[in-house]
Every structure is written in structure tokens, then in C-alpha cells.
Amino acid sequence: MTRTREETCDMDDMILKVNHLSKSFGSHKVLKDIDFTVKKGDVTSIIGASGSGKSTLLRCINLLEIPTSGEVSFHGENILSRKGGAAAYRTKVGMVFQSFNLFSNMTVLENCMVGQTKVLKKNPEEAKEVAMKYLQKVGMAPYINARPRQLSGGQKQRVAIARALAMNPEVLLFDEPTSALDPEMVGEVLSVMRELAQEGLTMLVVTHEMAFARDVSNHVVFMRDGVIWEEGTPQEIFVNPQKEETREFLSRFMER
């Protein structure tokens, strides 16, 4: 008998568990009874057509949207039953947005320090040291005094990744991090993400970059019409998908 992904997951390794999660906006049901697990060290790519619910799932996991029903558990605790604490939870489950969401009135360095000083209550000297470490990591240390308007899209996204890493998250969520970039800038962001994956960072990535999903992930989820249609290893999804809808979706992307 085939064991489910959850059954093969050591409870000590399970960071996030989504259980019977649904989300509606008015009468429109965007997510329908989603079950999903994230283990330590996972690089999970969520793929699917626009409107399939991928970004809404990420926003529910990060509490930017409150699910209509179901549970989101972090190390076994249902975060939806907590009173408050969303900001502290988001330091552990960080997010990188497709539109960067940098503070336009702050320098690159200040953008990477503000969350540390305001939320983690670090002193400025410590926050600066951590910020510099991650800006160096993503290749943006020479731009610490620049404002976001002076940066390219790829540079802004690398700063956004450094800012998220500076909060020391256990999981980093990426919501289509390359979709707002010019084609020549996509590679520089994917290169940073590949390096983070190789270092063992737990990542959950909504993406249209099929080569990244195939080559970097260890778990791929295909969503359609607000449900998880099929999931498995990259080999299972890209080489031997079981559902006709998965095959059709992948054939369109692979032709591109």
C-alpha cells in the first residue's frame, strides 16, 4: 500500500501542515479543502494556471488572508486559533512578493534593518551586521545606500530576499518572484534561490519557471480550480504525471 507524504513525514521534520483549508471571497470559492505539508528542507514548487489558487494558498499560509475554514499548523500548533501573534509568526514564515514591497523612502540597508529593529527588537548595530551579511549573500552590498527607485527589478527582488532572510525564517514563501521581471533579470533571482535551496533553506515557491520546479524542487504541487490536482517528486510530475490535466498544462509550458 502506498503511504501518503504525511505518513512518511517524521513529526519532528514537519514545519507546516495545512488541513482542510478553504478560502472564499464572497460566493467565489478560491480554495477547496486543501491538505498540504511542508517538511524541513523541502523545496516545494506550486505550479498551475493563473487563477488556480496558488497565490491565495501562500497568502493564507502567511495569514495575509484568513482562511474561511480549515487549519494552518506551525510545529503542530494551529496558528488560526492563536489570539494575535501574526507578526511573530511571519518572522518564522517569511514571504517574498512578486512586486518586491520595498519601502520606497528607505535605503537598501534600511529596508533590511527595519523588520529586525521593529519586530525582533534588535539593536541597530546587530541589525546592520545581519543585513550586511545577507545583502552580501545576494550580491547587493554595493547598493546599500541606494533607494528602490534607483534599482532594476532584479536588484529589488534580491534586496527583498535579503530582507526576508534577515528575519531568520524557518520557511520562506515566494509568490511568483520572477513574474514582474524582464527576462534578462530572471536568471539573477533564480540563481540566488538555487543557492538558498542548496544550503537547505525550506522554501515554498509559486512559480511559472518550470525548469526551476523540475531541477531544484524536491516536491511539486499542481493546482487547478482551487484544489491540489496532483503532487509528487519532480520525476513523478514532469516525467510521469498521472492526470491528463497535468500533462496538458506541462505540455503547454514545455513547448515555450
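Let's start with a pair of neighbours: the side chains of D225 and R224 form a salt bridge, with N and O 3.6 Å apart. The model in front of you is a predicted one, so every value here is computed from its atoms. Both partners of this bridge sit between the two extremes of exposure: D225 counts as partly exposed because its relative accessibility of 46% lies between the 20% and 50% limits, and R224, at 32%, is likewise partly exposed. Side chains of opposite charge can pair when their charged atoms come close.

That bridge is one of seven salt bridges found in a search of the whole structure. Another one joins E195 to K137, and here the closest N and O atoms lie 3.8 Å apart. This pair ties together distant parts of the chain, since E195 belongs to helix α6 (residues 183–198) and K137 to helix α4 (residues 124–137), with 58 residues separating them. E195 is partly exposed at 34% relative accessibility, and K137 is partly exposed too, with a relative accessible area of 29%. The pair also has company: K137, E195 and E199 are linked in a network of salt bridges.

Helix α6 takes part in a further link. Its residue E188 forms a salt bridge with R158, the closest N and O atoms being 3.0 Å apart. R158 sits in helix α5 (residues 153–165), and the two residues are 30 apart along the chain, so this pair again links distant parts of the chain. Is R158 buried or exposed? At 13% relative accessibility R158 counts as buried, because the limit for that label is under 20%. Its partner E188, at 26%, counts as partly exposed.

Now let's turn to the sheet. Four strands make up an open sheet in the order β2-β1-β4-β5, and their pairing is antiparallel. The edges are β2 (28–39) and β5 (77–78), each of which pairs on one side only. Strands of a sheet pair through backbone hydrogen bonds, either parallel or antiparallel.

How many bridges join β1 to β2? Strand β1 (residues 14–25) is joined to β2 by eight bridges, and the two run antiparallel. You can trace the register through individual partners: L16 is matched with V38 in β2, while L21 is matched with I34 in β2. The hairpin of β1 and β2 has two residues between the strands, and G26 in this hairpin takes a positive phi near 65 degrees. Strand β1 also pairs with β4, again in the antiparallel sense, over five bridges. For a landmark there, look at V18, whose bridge partner in β4 is V72.

A helix accompanies these strands. Helix α1 (residues 54–61) lies across β1, β2 and β4 (69–74), and runs at about 120 degrees to β1. How much of α1 is covered? Six of its eight residues are buried, so the helix is mostly covered, given that buried means under 20% relative accessible area. The buried residues are K54, T56, L57, L58, C60 and I61. Just after α1, L63 takes a positive phi of about 65 degrees.

Finally, let's step back to the whole chain. The protein chain has nine helices and 10 strands. Its C-alpha atoms fill a box of roughly 55 × 45 × 40 Å along the principal axes. What radius of gyration would a compact globule with 256 residues have? The value would be near 18 Å, and the protein chain has 18 Å, which agrees.

Burial and contacts complete the picture. Of the 256 residues, 51% count as buried. The accessible surface of the protein chain comes to about 12400 Å², and carbon and sulfur atoms account for 47% of that surface. Among contacts between residues at least 6 apart in sequence, 66% join residues at least 24 apart. The salt bridge between E195 and K137, whose residues are 58 apart, and the one between R158 and E188, whose residues are 30 apart, are two links between distant parts of the chain that you can look up in the model.

How values were computed:
Residues are numbered from 1 along each chain as its sequence is written. This is a predicted model: local features need pLDDT of at least 70, side-chain atom pairs count only at pLDDT 80 or more; totals for chains, interfaces and linings use all residues. Side-chain values use heavy atoms; hydrogens and water are left out. Two strands pair if DSSP finds at least two bridges between them. Contact means heavy atoms within 4.5 Å. Axes are lines fitted to C-alpha atoms, for helices over the stretch in contact, and angles run from 0 to 180 degrees between N-to-C directions. A salt bridge is a side-chain nitrogen of Lys or Arg within 4 Å of a carboxyl oxygen of Asp or Glu. Buried means under 20% relative accessible area, exposed over 50%, partly exposed in between (1.4 Å probe, protein chains only). The radius of gyration is taken over C-alpha atoms; the globule rule is 2.2 Å times the number of residues to the power 0.38. Accessible areas come from the Shrake-Rupley method with a 1.4 Å probe; for residues, only the protein chains shown count as cover.
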